[in-house]
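The following note is intended for a colleague who is meeting this structure for the first time. It takes the surroundings of two ligands in turn.

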Amino acid sequence: MSKPLSPSLISGAFFLRILLIILISVSTFSGDVDAKNKKKGKPEPDVKIGERLYYGLIPMGEGAKACASCHTYYTADTINWNPSLLDMAQTAVEMDLATFKNHLTNPSGGIRDKVHVNYDMIDEQVFHLYGYLTGVADTGVPSQRMSINTILIFLLIGALMAAALLDLFITKKIPYKAVHILILLLGIGYQLSVVTEEAIDLGRSQDYRPDQPIKFSHKVHAGDNKIECLYCHSNADEGKSASIPGAGLCMNCHMMVRNGTNSGQFEIAKVVDHSENHKDIEWVRIHNLPDHVFFNHSQHVKVGGLDCTECHGQVEDMHILKQQKDLSMGWCLDCHKETNVKFEENDYYETFQDLHKDLEESVRDSIQAADIGANDCMKCHH
Ligand code: HEC
Ligand code: HEC
Ligand code: HEC
Ligand code: HEC
Ligand code: HEC
Ligand code: HEC
């Protein structure tokens with residue numbers, strides 16, 4: 001079992017986060033927001049204080065965890081069941097201040113009483129935090145600023161490393177070589193982490209694994225709860241495409257099941273909302289053949305008797321579904337050359353009299369898909 005709530009799942013650029021926190025503290029102390037707020041009559045939240053509370057830079061109670069350790073805006077390598085910063089901010093706006101405070105200091109329902117523990121905030125702090133989150137809900141997550149920061153830090157550390165090298169070999173101002181080596185090692189570590197992070201973000205189709213609007217897990221459904229693939233993708237058996245189920249089908253179960261072990265009520269509440277308000281869930285399409293290629297599921301699943309795993313891998317083990325094969329033409333053709341067709345048991349192949357005869361007379365002992373024309377250009381390109 002996974003440990004869904006462990007902040008270590010939020011993995012990735014740990015380094016980056018520390019630097020981000022330093023940057024935020026620096027920018028906080030340089031601002032004079034307080035002065036600005038005091039001029040106005042009615043109390044305004046200090047979003048800078050709110051932001052610092054969110055990142056855990058101001059203590060909120062003995063042993064209380066920073067909101068950012070769970071509600072993150074980074075794409076996690078593994079599934080992060082906690083609502084993202086934006087998700088959470090958007091829910092927070094829907095609440096009044098008192099309800100918001102209740103969720104933190106007196107949580108109940110879902111798994112809130114397990115995750116929101118030890119918050120011992122004074123009203124003023126809650127007010128600032130709420131103000132910060134309402135702002136985030138308005139403006140969206142600061143991804144733009146993030147990448148500019150990343151570039152700046154990347155260059156800065158590069159310059160620092162260059163200076164260390166220069167001093168090590170030429171200027172020799174610092175007597176201790178350990179200093180140079182430390183700078184270089186930490187620098188290389190950081191630069192590498194940024195580079196790999198960026199490379200992972202580049203679109204690739206094999207292993208493609210986009211973020212989905214709802215954290216639907218095949219492992220929870222097809223794995224742990226043993227729901228048949230065809231229960232949801234009923235069309236795979238009958239039609240050309242397998243099709244993705246709508247929220248109505250989800251409600252067959254989620255009318256009753258309102259609380260998830262990993263995500264609490266948050267993700268399932270989205271399903272209910274889509275169903276009640278007749279909104280389509282905008283799933284991001286993962287597998288995508290070009291328009292000029294014709295592919296038919298029932299041809300493979302029903303006639304060919306192939307298992308979903310042959311083409312989609314161990315879906316029942318995946319929290320986040322990802323494309324396993326490259327879906328290239330070579331992949332289709334190779335399988336057609338290698339895979340035996342279950343010839344005898346299937347009416348579909350009755351017309352292939354010659355091949356039946358070959359089998360009976362033991363001229364050949366098996367028929368591959370390619371033998372029945374699966375590799376003719378026109379079969380896949382109409
Ligand atoms: C240990 C992880 C964790 C930490 C730390 C955490 N949260 Fe949460 N939070 C969650 C989870 C999980 C949910 C969804 C719970 C549910 O709906 O059952 C949630 C839900 C919420 C919600 C939406 C309430 C709802 O379900 O409608 C708000 C608002 C929120 N958190 C704010 C915060 C703030 C502010 C902080 C910091 C003071 C914080 N959280 C710290 C895990 C965490
Ligand atoms: C409870 C309903 C449900 C069950 C059971 C289920 N799926 Fe899905 N499946 C979905 C939903 C919803 C999506 C879209 C979200 C996503 O991609 O994770 C999806 C997406 C997929 C996709 C990717 C579609 C694309 O966009 O290219 C594949 C492949 C898939 N499922 C295969 C399977 C297989 C194989 C099984 C059985 C082991 C299975 N599913 C069981 C609901 C289900
Ligand atoms: C022979 C390989 C193969 C098998 C077997 C197979 N699929 Fe697919 N599947 C594909 C390909 C290729 C696509 C992309 C189709 C496209 O883009 O038109 C796809 C797409 C999908 C999609 C995305 C929506 C759609 O219909 O295009 C779902 C969902 C899906 N498959 C589920 C399943 C399930 C469930 C099974 C088992 C019952 C299954 N597949 C068996 C190759 C296969
Ligand atoms: C056949 C019943 C069934 C159907 C259909 C179904 N689910 Fe579920 N779902 C479950 C069960 C059982 C759980 C596990 C609840 C638990 O953790 O105790 C679950 C859990 C979840 C969770 C929370 C996971 C967690 O561990 O926190 C989400 C989100 C979810 N389902 C979304 C969906 C979506 C979206 C659909 C429709 C595409 C769907 N479900 C269809 C039975 C179903
Ligand atoms: C895992 C093996 C496998 C892969 C991968 C595969 N196929 Fe097939 N395909 C088969 C088998 C087995 C048959 C023969 C059974 C049948 O007639 O449906 C078949 C038959 C076909 C046929 C039907 C031929 C006819 O008789 O009308 C077409 C068209 C086809 N495949 C297209 C594709 C395309 C397009 C891809 C790649 C996107 C693909 N297949 C990938 C195994 C595969
Ligand atoms: C079993 C199915 C199948 C058969 C048979 C097949 N193709 Fe393809 N073909 C594909 C798929 C799938 C793609 C898309 C590959 C991709 O997107 O990478 C493709 C792509 C192409 C392309 C476009 C190349 C590109 O880069 O997009 C051409 C041209 C092509 N096929 C020609 C042919 C010719 C000529 C034949 C007969 C000798 C043939 N195909 C037989 C499945 C097939």
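Which polar backbone atom is 3.2 Å from an oxygen atom of ligand 1? The points below begin with the answer; please bear in mind throughout that the model is predicted.

1. The atom in question belongs to Ile 111: a polar backbone atom of this residue is 3.2 Å from an oxygen atom of ligand 1. Backbone N or O atoms of two other residues also lie by oxygen atoms of this ligand, that of Gln 265 at 2.9 Å and that of Phe 266 at 3.2 Å. Four helices each give two or more residues to the shell around ligand 1, namely H4 (85–93), H5 (97–105), H6 (112–115) and H7 (123–139).

2. The shell around ligand 1 should be viewed as a whole. Ligand 1 is surrounded by 25 residues, of which the closest are Cys 67, Cys 70, His 71, His 116 and Gln 265. Sorted by class, this shell holds 15 nonpolar, eight polar and two charged residues.

3. Two of those closest residues also serve the metal of ligand 1. The NE2 atoms of His 71 and His 116 coordinate the iron atom, at 2.0 Å. The iron site has six donor atoms, with angles of 83 to 178° among them, and is octahedral. The two histidines come from distant parts of the chain, 45 residues apart: His 71 sits in the loop between helix H3 (47–54) and H4, while His 116 sits in the loop between H6 and H7. Are these two histidines buried or exposed? Both His 71 and His 116 are buried.

4. The second site is that of ligand 5. Here 22 residues form the surroundings, and Gln 299, His 300, Cys 332, Cys 335 and His 336 are the closest. The shell comprises 16 nonpolar residues, five polar residues and one charged residue.

5. Contacts with ligand 5 involve both backbone and side-chain atoms. A backbone N or O atom of Gln 299 lies 2.5 Å from one of the ligand's oxygen atoms. In the side chain of His 300, an N or O atom is 2.8 Å from a nitrogen atom of ligand 5. His 336 likewise places a polar side-chain atom 2.7 Å from a nitrogen atom of this ligand. The elements giving two or more residues to this shell are helices H15 (297–303), H17 (329–338) and H19 (377–380). Which element gives the most to the shell around ligand 5? That element is H17, with four residues.

Key: Residues numbered from 1 in each chain as written. Chains lettered and ligands numbered in written order. Predicted model: local features only at pLDDT ≥ 70, side-chain atom pairs only at ≥ 80, totals over all residues. Heavy atoms only, no water. Near = heavy atom within 4 Å. Polar contact = N/O pair within 3.5 Å; in protein donor to acceptor, adjacent residues only side chain to side chain. Nonpolar A, V, L, I, M, F, W, Y, C, P; charged D, E, K, R; others polar. Donors = N, O, S within 2.8 Å, 3.2 Å for Na, K, Ca; no water. Tetrahedral: all angles 85-135°; square planar, octahedral: opposite > 155°, others 65-115°. Buried < 20%, exposed > 50% of the residue type's maximum accessible area, 1.4 Å probe, protein only.
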